[in-house]
Amino acid sequence: MYVATATISDRFVPWFIDVKEKMEETSSVAALDSTVLQFNTYEDFLQSQISALDLYYLEDEEMARQLVELGYRGSGEVLKREEFDARKAAAQASRLSSRSQHKKTLASAGRELKDNFLKALAEREEANRSGEMTSIIFIRDRNALGQEISGYIDYAHRLQSEEFEAYFSGKKRLMPRHTDLSFYNWKTQRSTANASPNYQVISNDPAGMLFKNKRDRKILNVDPLAAPGDSSSRTPLQSALYAHVVVYDHISRRTA
């Protein structure tokens with residue numbers, strides 16, 4: 001039993017060390033590629049590694065940069081000009097490719113939108129997907145049965161839970177559901193309220209319905225006669241698709 005354990009250990013340790021070294025190497029390369037993007041020129045890169053003490057003794061910036069390039073001074077990894085230029089070009093290409101790929105994932109990308117509501121959704125799509133913003137959409141209109149319904153929708157949550165191409169293409173209409181933050185059917189009197197990944201519903205407050213952001217715990221007030229709250233805004237929209245639309249935007253700030 002002891003021999004078997006020792007054999008496994010003998011095999012595992014070299015493998016683990018190799019994997020660990022490769023992970024550290026990858027992390028180091030990524031950090032370096034990120035670093036070179038901070039500098040416009042190779043000279044700026046060299047200059048960043050020169051200390052005040054170096055200049056005090058050398059009294060010559062050009063000589064100090066040459067010493068950094070030769071590896072005699074400096075606080076970072078030594079890079080020759082050709083390697084710096086190559087790394088910077090590769091890092092820039094990777095960043096542009098990443099941004100391009102991200103834009104392709106937006107359901108609204110490349111679409112000509114005429115309705116104000118759909119334009120507003122498109123303008124907020126990327127921020128809601130990234131978590132920089134969590135928008136709440138109020139919609140009042142009639143359903144397929146002609147019944148008037150209204151409700152508040154967590155836009156960021158809907159973006160994560162369903163495909164939005166059909167909404168931006170006009171094949172479907174975004175309507176409140178009984179699973180959204182709130183839903184009310186004026187004909188049947190059916191009413192629901194549900195927490196979402198981004199908001200907690202406060203329905204028993206004297207000020208009316210409130211939404212508490214789960215990330216920074218700030219309150220969003222949807223009363224049209226009251227201020228929407230800290231880091232929040234209220235935008236009524238005229239839309240040919242709905243009877244009444246209001247978008248509430250909250251800029252998320254995580255608390256410590």
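Helices (H or I, at least four residues) and strands (E, at least two) are DSSP runs, numbered from the N terminus. The model is predicted: local features need pLDDT of at least 70 and side-chain atom pairs count only at pLDDT 80 or more, while totals for chains, interfaces and linings use all residues. Residues are numbered from 1 along each chain as its sequence is written, and side-chain values use heavy atoms, with hydrogens and water left out.

Select D115 to start. D115 sits in the loop between α5 (81-104) and α6 (116-130). Show S239 and A240 as well: the D115 side chain makes a polar contact (N or O atoms within 3.5 Å, one able to donate a hydrogen and the other to accept it; residues adjacent in sequence count only if both atoms are side-chain atoms) with the side chain of S239 at 2.9 Å. The D115 side chain also reaches the backbone nitrogen of A240, at 2.9 Å.

Next, select F117. Setting aside residues up to four places away in sequence, F117 touches (heavy atoms within 4.5 Å) I137, I139, L174, L237, S239, Y242 and V245.

Now colour the largest nonpolar core (buried Ala, Val, Leu, Ile, Met, Phe, Trp, Tyr and Cys residues joined through side-chain atoms within 4.5 Å), where buried means under 20% relative accessible area with a 1.4 Å probe, protein chains only. This core has 22 residues, and F117, L121, I137, I139, F164 and L174 have the most contacts inside it. Helix α6 gives the most to this core, with four residues.

Finish at L159, in helix α7 (residues 155-161). L159 counts as buried because its relative accessibility is 4%.

Technical notes
Buried < 20%, exposed > 50% of the residue type's maximum accessible area, 1.4 Å probe, protein only.
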